[in-house]
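Here is a short tour for the bench. Please keep the sequence and the model open beside the text as you read.

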Amino acid sequence: MSKAKIAVIGAGLMGHGIAQVFALAGHEVTVSDTVMKNLDTLATRIAANLRDLGEDESAIARVLPCVDVAEAVHGVDYVVEAVFEDLALKQKLFAEIEAHVRPDTILASNTSVIPITDIMRGLKHRERALGTHWWNPPFLVPLVEVIETQWTGADAIAFTMKLHADVGKTPAHVKKDVPGFIGNRLQHALWREAVSLVENGICDAETVDAVIKAAFGRRLAVLGPLENADMVGTDLTLAIHKTVLPAIDSRPGPSPYLERLVAEGKLGFKSGDGFRKWTPAQQRELRAKVLRHLKKAREADAT
Ligand SMILES: NC(=O)c1ccc[n+]([C@@H]2O[C@H](COP(=O)([O-])OP(=O)(O)OC[C@H]3O[C@@H](n4cnc5c(N)ncnc54)[C@H](O)[C@@H]3O)[C@@H](O)[C@H]2O)c1
């Protein structure tokens with residue numbers, strides 16, 4: 001793909017990382033934010049990431065901060081929005097963006113959970129609108145879910161899938177705009193059962209995490225569940241499901257155990273107590289461990 005002109009709206013945690021990925025791959029990227037400090041610190045934040053990853057810092061020259069959204073999106077081929085998770089804000093922003101771009105400029109939202117359909121329903125040209133769900137940190141986690149709505153055109157999907165594949169991401173086409181897309185549906189199906197095991201006194205929270213990390217978690221990065229099902233046999237998978245599925249949690253809402261933790265102010269790292277207690281040092285160590293792991297996986301991908 002020839003180099004595109006890209007605008008990233010929102011220079012926060014996700015926006016600056018998304019801008020970094022596109023700039024490193026050679027695209028010209030404008031970045032807009034309503035908070036001046038976030039634009040002022042954009043280059044230093046990206047430079048620090050690139051240094052840490054051993055990547056070419058000259059990529060920063062392709063990132064242009066813009067105070068004005070209209071200026072940021074002028075003449076671009078592709079816009080990705082990464083502002084606060086607020087439906088009304090995103091709707092208003094896309095209406096403003098649409099007034100300043102070509103009819104064929106592709107418009108993407110990086111929302112975590114708001115339906116793309118709701119964000120884009122007011123647009124004049126809805127065939128060029130879609131979702132791109134990046135994972136944090138955007139420059140270390142490969143997946144970008146590309147979400148199609150009932151209005152999205154095949155050209156917009158094809159362009160976006162190729163754009164992300166060409167910058168080294170792993171795009172996944174989500175053919176229906178369903179809550180949680182693909183990744184969070186899978187992730188939270190597991191979390192629901194994890195909470196339920198603790199709630200029902202089968203084991204404590206540390207044991208749940210230890211079991212996952214010491215068993216199938218080890219294989220997950222290279223062996224997906226459906227590959228695994230084929231490996232052991234669909235007949236064996238069926239037999240297991242007949243016994244296990246009736247026993248696992250299938251309640252439609254959040255667990256009362258989780259509701260109670262929140263009501264009691266046990267918010268996890270934020271309060272030092274959640275499913276288990278966390279000292280500041282333990283929190284720092286776990287965050288650092290995750291980053292080390294993701295960096296190692298990225299290095300392994302590159303070899
Ligand atoms: N943090 C994550 O792990 C994660 C993962 C996937 C998706 N997301 C989604 O990405 C989006 C951004 O999340 P984040 O974590 O980067 O948030 P953040 O709070 O770090 O950044 C949001 C940025 O948007 C800016 N902003 C607000 N209104 C604006 C406007 N009108 N125009 C321009 N800029 C504006 C803010 O000043 C801020 O810098 C959200 O929709 C979030 O749900 C987050």
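In this report, Ala, Val, Leu, Ile, Met, Phe, Trp, Tyr, Cys and Pro count as nonpolar, Asp, Glu, Lys and Arg as charged, and the others, Gly among them, as polar. By that scheme, the shell around the ligand holds 10 nonpolar, 10 polar and 3 charged residues.

This is a predicted model, in which local features need pLDDT of at least 70 and side-chain atom pairs pLDDT 80 or more, while totals for chains, interfaces and linings use all residues. Numbering starts from 1 along each chain as its sequence is written, and side-chain values use heavy atoms, without hydrogens and water.

Let's begin at the ligand. It is surrounded by 23 residues, where near means a heavy atom within 4 Å. The closest are M14, D33, E85, K90 and S112. Some N or O atoms of the protein pair with oxygen atoms of the ligand, as polar contacts (pairs of N or O atoms within 3.5 Å):

| Residue | Part of the residue | Distance to a ligand oxygen |
|---|---|---|
| M14 | backbone N or O | 2.8 Å |
| N38 | side-chain N or O | 2.9 Å |
| K90 | side-chain N or O | 2.8 Å |

On its own, the ligand has 840 Å² of accessible area (Shrake-Rupley method, 1.4 Å probe), and the protein covers 81% of this 840 Å².

Now for the sheet. Its 8 strands (DSSP E runs of at least two residues) form an open sheet with mixed pairing, in the order β3-β2-β1-β4-β5-β6-β7-β8. Pairing takes at least two DSSP bridges. The edge strands, β3 (63–66) and β8 (170–174), each pair on one side only. Within the sheet, β5 (residues 106–109) runs parallel to β6 and is joined to it by 3 bridges.

Technical notes: A polar contact is a pair of N or O atoms within 3.5 Å; within protein, one must be able to donate a hydrogen and the other to accept it, and residues adjacent in sequence count only if both atoms are side-chain atoms. Helices (H or I, at least four residues) and strands (E, at least two) are DSSP runs, numbered from the N terminus.
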